[in-house]
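User: I'd like to go through the labels attached to this structure and see what each one rests on. Can you take my questions one at a time?

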Amino acid sequence: MRIFRNLTQALHGLLLNKGNTFLMTLGVMIGIASLTVIVAIGEGTKAKVLNRIASLGFGPDSFSVYSGAGRLFFGRSRNTTSMTLQDADDIRAMPNVRMVIPRQRTRMKIIHKKDFTTTRIYGVTPEWRSARQWVITDGIFFGDADMERKRKVIVLGATPARKLFGDKDPLGKKVRVGQVFFEVIGLLEKKGLTESGYDPDDRTLIPLTTSMSRLLRKSHLHSLKVVAMSPELVEETMDGVTQVLRHNHGLSSLADDDFRFITPEGIMQWVTESEQAMNRMLLLISTVSLLVGGIVIMNILLVSIRERIHEIGIRRCFGARRSDITQQFLFESVFVSLLGGGLGIALGLGLSVALQQSTFIPAKITWEPFALAFGFSMIVGLVFGIHPARKAAWLNPDETLR
Amino acid sequence: MSIIEIDSIYKTYQDEGVETEVLKGISMTVEEGDYISIVGPSGAGKSTLMTILGCLAQPTSGTYLLDGVEVEQLNDQQLSRVRNEKIGFVFQAFHLLPGVSAFDNVMMPLLYCHTSPEGAAERVERALERIGLGHRLNHTPGQLSGGEQQRVTIARSLINDPKILFADEPTGNLDSKNGAEIMATFDQLNAEGRTIIVITHDPSVAKHARRILTLRDGRIESDQTNENFQKSHTSSARAAAE
Ligand SMILES: Nc1ncnc2c1ncn2[C@@H]1O[C@H](COP(=O)(O)OP(=O)(O)OP(=O)(O)O)[C@@H](O)[C@H]1O
Ligand SMILES: [Mg+2]
């Protein structure tokens, strides 16, 4: 078959022009390797974000309402003071609601003798523990009596416990926050860092009433955690909560909400949007890297044609058709692209595995980019090879031999 | 029937708007088995005429009948087939594929055959043996002397058993001994009935031919029969035999 003979000639040509072959292969290899690595990093980042969301402690039946307008974790104003215990009570009275945990939140220095650390301090109600289902490894959680008497008791997360007490037993010891001395009554189970480096153990909990009257000395809330009777009721409950809050805060029908919801779906949606933006960026970068590889191929082929113009003329003299020359050069570029693609996939896989093993850049290996890369390299070879190949074929045989 | 019949061939080159008329109305016929040398001063249009006769370029105007076929009517595929089957070329600069063995160079025209040739490898080996290079099959052009390279090009041009052999200054890059050997080979090929057209500057090469065509300024100045044809032919055959 004529086409196989042209293929053999192409392979011979690549072997004879090792320098050009090497450069073209390198061009495609780098393009493909960067494509696969970039996608692996993208996938890794996505996995990391999902992981972070999972660690936020949302069940399918719960959501949070944060004080202040805005979106998700990004509040527009820091000093909205409209959310109160009255809101919590009114929401708790709704039929679909199983539990409401009102929260105050601050970040302060916590001191024991000469050791201190800055941590998040939440003022919450005793239901917090059952809503989060967080185990107390030692001691107890505060109860209704502590709430009523505004007792100065504190439950430590694993991180502040370690920083203040090391190996010693913190239970019964006093810690100071601002001017207030608290007694440590319980320790939260350690959850450990999430992949993103977020530390869920870096927190302490005090009774909400203590927080309101002794520590922060203000009565407005940071947020409410709402647990609905069932996951299907979440949406309906959110509508109800909106109505209650708007009514309680005296918002006219034209005013914007002065609170915002944080739901697993909301976060997912946000992640999806950021992911789409990221995917667009990845696509752009990959296209550029492949384009660069393709243009490298095309240029080297064009140079190579100038170098091999005699070869083309000789072949034409002895019976090569235009299509034979086209095929030969096209085979060369496709072969080089596939070779470069194969090597690029190997390199990309190696780099992705290395990244996966290292901790500082997340990477996740999926098969799609590799399949895609292989298809792409074939297309690159065809698209960027066709111009030089046709150019070679349409040279006049008599002029190529001068 | 004549193997070549050209009538009023004109060829004009256009280079960046500048027109150069290189061939200005050339008509001639070549009979099968003819042995022609084309001579004339540099720039007279000899090589240009050969590219047209060899179906490597089309004339600006005029008609060309090759073996009864109107060349102007042929498409690229048909022209390629004509070059592959009916014509062989030998060049002054050899034009072998660089870095490719003598064997593969001679094999090259067989790659472009209409139907896959049978026993190609044996044919190539025999052709190289015939020109005395059976022991140099795997040498690349860079590893061969000028005379050996020119013999490889002759083997290549003959591998498909063409009716016509074109040679443009075949001895131009060779010393006189190698040149004489090449011409002796041509004499013998012509004696076997092949049509041979040789372009040359060298009168001692031209006189091997039966017919000497002189080109000047794009026109045929003279077309003479070589009186000494038989004599020179036999003497060169003797020289080759020695
Ligand atoms: N592609 C081209 N474009 C413009 N002019 C050309 C082209 N090819 C050939 N010529 C011109 O045509 C003329 C004839 O060229 P050609 O090569 O046929 O001469 P020649 O008789 O073979 O000469 P020589 O004996 O030096 O080989 C020259 O003046 C040359 O410059
Ligand atoms: Mg010439």
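Analyst: Sure, here is how the labels follow from the values, bearing in mind that the model is predicted.

User: Let's start with chain B. What makes the sheet of strands in the order 2-1-4-5 an open one, and which strands are its edges?

Analyst: The edges are strand 2 (18-30) and strand 5 (69-70) of chain B, and each of them pairs on one side only. The four strands of this sheet are paired in the antiparallel sense.

User: How do you know that strand 1 and strand 2 of chain B count as paired?

Analyst: Pairing takes at least two bridges, and strand 1 (residues 4-15) has 10 bridges to strand 2 in chain B. The antiparallel label fits that pair too. If you want a spot to look at, B:Ile9 has B:Ile26 in strand 2 as its bridge partner.

User: Where does helix 1 of chain B sit relative to those strands?

Analyst: Helix 1 (residues 46-53) lies across strand 1, strand 2 and strand 4 (61-66) of chain B. Its direction is at about 120° to strand 1 of chain B. Just after the helix, B:Cys55 has a positive phi of about 60°.

User: Why is helix 1 of chain B called largely enclosed?

Analyst: Buried means under 20% relative accessible area. Seven of the eight residues of helix 1 of chain B are buried, so the rest of the structure largely encloses this helix. Among them are B:Leu49, B:Met50, B:Ile52 and B:Leu53, and B:Lys46 is on that list as well.

User: On to charges. What makes B:Asp67 and B:Lys163 a salt bridge?

Analyst: The cut-off is 4 Å between a side-chain nitrogen and a carboxyl oxygen, and here N to O is 2.9 Å, so the pair qualifies. The two residues are 96 apart, with B:Asp67 in the loop between strand 4 and strand 5 of chain B and B:Lys163 in the loop between helix 5 (146-158) and strand 7 (164-168).

User: Are B:Asp67 and B:Lys163 buried or partly exposed, and why?

Analyst: B:Asp67 has a relative accessible area of 17%, under the 20% limit, so B:Asp67 is buried. B:Lys163 comes out at 33%, between the 20% and 50% limits, so B:Lys163 is partly exposed.

User: Why does B:Arg130 get called exposed, and what about its partner B:Glu192?

Analyst: Exposed means over 50%, and B:Arg130 has 56%, so that label holds. B:Glu192 has 46%, which makes it partly exposed. Their closest N and O atoms are 3.3 Å apart, within the 4 Å cut-off, so this is a salt bridge.

User: In chain A, how do you know that A:Asp324 and A:Arg2 tie distant parts together?

Analyst: Their closest N and O atoms are 2.7 Å apart, and the pair counts as a salt bridge. A:Asp324 is in helix 11 (residues 322-357) and A:Arg2 in helix 1 (residues 2-16) of chain A, so the link joins parts 322 residues apart in sequence. Both residues are buried.

User: Last one: why can A:Leu382 belong to a nonpolar surface patch?

Analyst: Patch residues need over 30% relative accessible area. A:Leu382, in helix 12 (residues 368-393) of chain A, has 38%, so it passes that test while counting as partly exposed. The patch also includes A:Phe376 and A:Met378, and its residues have about 510 Å² of accessible area together.

Methods. Residues are numbered from 1 along each chain as its sequence is written. Chains are lettered from A and ligands numbered from 1 in the order in which they are written. This is a predicted model: local features need pLDDT of at least 70, side-chain atom pairs count only at pLDDT 80 or more; totals for chains, interfaces and linings use all residues. Side-chain values use heavy atoms; hydrogens and water are left out. Contact means heavy atoms within 4.5 Å. Axes are lines fitted to C-alpha atoms, for helices over the stretch in contact, and angles run from 0 to 180 degrees between N-to-C directions. Patches are made of residues with over 30% relative accessible area and no salt bridge: like charges are joined within 9 Å, nonpolar side chains (Val, Leu, Ile, Met, Phe, Trp, Tyr) within 5 Å. Accessible areas come from the Shrake-Rupley method with a 1.4 Å probe; for residues, only the protein chains shown count as cover. Buried means under 20% relative accessible area, exposed over 50%, partly exposed in between (1.4 Å probe, protein chains only).
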